[in-house]
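Trainee: I would like to take a close look at one part of this protein. Could you walk me through it, starting from the whole and then going in?
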Amino acid sequence: MFWMLNSLLGCDDMNRQLELLEKAARENRLAHLLLFHGGSALQQREVALRLAQILNCSQLTPQGPCQTCLACRKIISGNHPDVLWLKPLKTTIGIEQVLAWQPKVYLKHYEGNYKVSVIEQADALTLPAANALLKVIEEPPERTLIILSAENAEGILPTIQSRAQLVYFPNLSEATWLTGLGEVDQQEAVRAFQLSGKNQNLATAILEHGVQIVQDWVEKFRTAVDKRDFLKLFALFPIDKNQAVLYLQVIAVQAQAGIQKGIIQPFELLAIGKAIDVLRQQVNPRLVIEVLAIELFQQGGARCD
Ligand SMILES: [Zn+2]
């Protein structure tokens, strides 16, 4: 799913940075590898799309891509054969995904001037996947741009990071985030933003998943932990890994708020963080959450009202 290309205007520094990137794209002197990092995944996607369009638009105007030529339209709908998107299938980007992508990068350009690959949530690359990616980065084919999009640059292999031009994206304000969503229920979006602890990427994930579903699950988990009730806990399954990671992230946000108010012990946040890490490494979500609940039971519940 692609977001509308609304203008997600950030601060002046950001705009200046983007101007320079666009200028480099127009003049065909863009780096082969860009690493977008920082808070706003939505804005990162918008900029990646725009650069792909600038590099391939057949009627480029001084204001930017025309948005009407075939290339522009195919890029925006995600159907351009030379603009490739890679993102986690589950919670990680595995080596098989990178190996499937690799030959497409080396194939001749189908239609476009430029091949653009966007790797979203690049901090979710497994180590073997990152190493396979490194091989492409070391010998990039001509007229190829690879954009890595990540929340934290630290999550990217240093050998990849050192070859990239880093572009930092600041956090969006709630209002700017809401504007960039296009046509969604604004009240739902505001609830998602609150539930996320003002983390726009988490808020977007909550919104896509369904605010009520997330809220219900999290509340039931807290009740089960507070009452040390295994039956209530069992009723929360089955869920898949993505759901589990999302729910635990929201529980972590609430725990953080609870610590600040002095009603939650810091160890709980550590236990939740550990559970999220374990979950990302291919483990049964039910097992991880049950182990977490038992840890919280023993320490007297995860109360965070
Ligand atoms: Zn165009």
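Trainee: To set the scene, how many helices and strands does the secondary structure of the protein come to? After that, please show me how helix α9 and helix α10 pack.

Mentor: Happy to! Keep in mind that this is a predicted model. Its secondary structure comes to 14 helices and 5 strands. The radius of gyration is 21 Å, close to the 19 Å that the globule rule gives for 305 residues, so the protein is as compact as a globular protein of that length. Along the principal axes, the C-alpha trace spans about 65 × 40 × 30 Å, and buried residues make up 36% of the 305 residues.

Now to your pair. Two packed helices are described by the angle between their axes and the distance between the axes. Helix α9 covers residues 200-209 and helix α10 covers residues 211-226; they pack at an angle of about 100 degrees, with their axes 6 Å apart. Angles of 65 to 115 degrees count as roughly perpendicular, so α9 is roughly perpendicular to α10. On the α9 side, the contact is made by Ile206, Leu207 and His209, and on the α10 side by Val211, Ile213 and Val214. Sorted by class, this contact has 5 nonpolar residues, 1 polar residue and no charged ones.

For the wider setting, look at the cores. The largest nonpolar core has 42 residues, and Leu51 is among those with the most contacts inside it. Helix α2 (residues 41-56) gives the most to this core, with 7 residues. Apart from that core lies another, of 35 residues, including Ala203 and Ile264.

Notes: Residues numbered from 1 in each chain as written. Predicted model: local features only at pLDDT ≥ 70, side-chain atom pairs only at ≥ 80, totals over all residues. Axes fitted to C-alpha atoms, helices over the stretch in contact; angles between N-to-C directions. Helix = DSSP H or I, 4+ residues; strand = E, 2+ residues; numbered from the N terminus. Parallel < 35°, antiparallel > 145°, perpendicular 65-115°, else oblique. Contact = placed C-beta atoms within 7 Å. Nonpolar A, V, L, I, M, F, W, Y, C, P; charged D, E, K, R; others polar. Rg over C-alpha atoms; globule rule 2.2 N^0.38 Å. Buried ≥ 20, exposed ≤ 12 C-beta atoms within 10 Å, placed from the backbone. Core = buried A, V, L, I, M, F, W, Y, C linked by C-beta atoms within 7 Å.
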